[in-house]
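Here are a few friendly notes to help you find your way around this structure. Please keep the model open beside you as you read.

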Amino acid sequence: MSFSASDHALMARALQLAARGLFSTAPNPRVGCVLARDGAIIGAGWHEKAGEPHAEINALRKVGSDGTAQGATAYVSLEPCSHHGRTPPCADALIAAGVSRVVVAMQDPNPLVAGQGLAKLRAAGIVVESGLLENEARELNIGFVARMTRGRPWLRLKVAMSLDGKTALANGRSQWITGPDARRHAHGWRARSCAMLTGIGTVRDDNPRLTVRDMETSRQPLRVVVDSRLEIAPDAAILAGGNCLIACAVENSEKAAQLRALGAEVIVLPNPQGKVDLPALLRELGRRGINEVMAEAGLKLNGSLLREGLVDELLIYQAPVLLGDAARGMADFGTLAELAAAQRLNILECRPVGADFFMRARLG
C-alpha cells in the first residue's frame with residue numbers, strides 16, 4: 001500500500017498527539033487522531049485519560065457538529081474501537097461524521113476490536129488503509145500490545161551500575177552510584193510505568209519509596225514487592241500512602257492483616273520452590289490492566305527475572321566509577337560454561353545523561 005508524503009506527515013502528527021497521553025491513559029492505549037481535508041488539519045485530539053473520550057471523539061469535537069468533517073480523512077494511530085466500553089464506539093462516531101477515508105497506523109490487538117473496527121468502517125463505504133508508521137505506533141503502545149497478545153505486561157529492568165558492572169557495595173549500599181541527571185531521567189521511565197517492581201532485599205537495604213518525583217505526573221505507579229516470606233517491616237517507606245502490592249509465598253494471616261491495615265494488598269503466589277511465582281505475578285498484573293512494569297531490584301530478583309525470560313528491555317545507567325570485585329553485580333543468573341550461552345542484547349539507544357551514560361537494550 002502506498003502512502004503520500006502528506007499521509008506520512010499527518011500520521012506523524014497523530015502519533016505526536018498520542019504521546020501526550022504517555023503518563024495518563026493506562027490501562028488504555030495511547031492514541032492520537034488528526035482530521036484533514038486536502039492535506040490541511042481541520043481537527044485533532046488524543047486520548048487523555050482512561051474513562052474519558054477517545055482520540056477520535058476529541059478530534060471530532062474540535063471540528064464541530066456542522067458537517068465540516070464530511071468527506072474528510074481521519075488519521076488514527078490505532079484502529080478505532082467498535083465496541084461499547086466506558087465510552088461508545090469510535091468507529092460509529094467516524095461513520096456518523098461522514099468521513100470518507102480512515103488511515104490507521106496499526107490494528108488494535110485487543111480481542112474485543114482486532115479488525116472489527118476496520119470492518120465496520122469498510123461496511124459503511126469508507127475507504128480504510130492501515131500500516132502507516134505501524135512500528136512507531138507499536139512502540140508507543142508496546143506494553144498494551146504485550147498485555148493483549150501474551151497476557152502479561154512489558155517489563156523493563158532498570159539498573160544503575162559502575163563502570164565495572166557493580167550495582168551496590170558488598171554491604172548492600174547503592175545510593176547513589178549515578179548522579180542526579182540520571183536519576184531524574186529514570187523518573188521519566190517510572191512515570192510512564194503502570195507498576196514498579198522490587199524485592200524484599202532492596203526494601204531492606206535501600207528503603208525506597210519507588211514513587212515518581214522530579215517531574216509532574218497525574219498518577220503514581222503501583223508499587224509491587226516480591227517478598228516470599230512476608231518479611232517486610234511495617235514502617236518500610238514503600239508502604240506509605242498505600243498503592244502497594246506485596247506478593248509472597250506463605251500464608252501469614254496476622255502479618256497480612258497488619259499490612260492490609262496500612263493500605264497494602266497481599267497476595268500469595270507460591271511456586272514449587274517456595275518462592276514467589278514470578279510468571280504468575282506478571283499474569284496477575286496483566287489481569288489488573290498493568291501495561292508496563294519497571295523493575296528496580298537487586299541481583300537476586302534481577303537474576304530470577306532474567307532466568308525466567310520475563311525481562312523485555314534493559315535500562316542501564318552507568319557511572320564512571322569503579323567499585324571492585326567485592327561489590328555486588330547486577331544479576332545472579334548462574335555460571336556460564338561457554339560464551340555461546342551469553343545473553344545477547346540489541347542496543348536501541350546509547351547516550352550520555354549528565355555525568356553518566358544511558359543505554360537501552362532489548363534481549364535478543
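The points below deal with a helix pair, a buried helix face and one residue in another helix.

1. Before you start, please bear in mind that this is a predicted model.

2. A good place to begin is with helix 3 (residues 90-97) and helix 4 (residues 116-123), whose axes come within 9 Å and cross at roughly 20 degrees. Angles under 35 degrees count as roughly parallel, so helix 3 is roughly parallel to helix 4. The crossing of the two is right-handed.

3. Which residues make the contact? From helix 3 come Ala91, Asp92, Leu94 and Ile95, and helix 4 brings Gly117, Lys120 and Leu121. By character, the residues of this contact comprise 4 nonpolar, 1 polar and 2 charged.

4. Now look at helix 3 by itself: its buried residues are Cys90, Ala91, Ala93, Leu94 and Ala97. Viewed down the helix axis, these buried residues fall within an arc of 160 degrees, so they line one face of helix 3. Their cover includes helix 2 (55-63), strand 3 (73-76), strand 4 (101-104) and helix 4.

5. Just after helix 3 you will meet glycine 98, which takes a positive phi of about 85 degrees.

6. Finally, turn to helix 2, where asparagine 58 lies. Is asparagine 58 buried or exposed? Its relative accessibility is 15%, and buried means under 20%, so asparagine 58 counts as buried. Leaving aside residues up to four places away in sequence, asparagine 58 touches Ala44, Gly45, Trp46, Glu48 and Pro53.

Conventions: Residues numbered from 1 in each chain as written. Predicted model: local features only at pLDDT ≥ 70, side-chain atom pairs only at ≥ 80, totals over all residues. Heavy atoms only, no water. Axes fitted to C-alpha atoms, helices over the stretch in contact; angles between N-to-C directions. Helix = DSSP H or I, 4+ residues; strand = E, 2+ residues; numbered from the N terminus. Parallel < 35°, antiparallel > 145°, perpendicular 65-115°, else oblique. Left-handed = near helix turned anticlockwise from the far one by under 90°. Contact = heavy atoms within 4.5 Å. Nonpolar A, V, L, I, M, F, W, Y, C, P; charged D, E, K, R; others polar. Buried < 20%, exposed > 50% of the residue type's maximum accessible area, 1.4 Å probe, protein only. Arc of directions from axis to C-beta.
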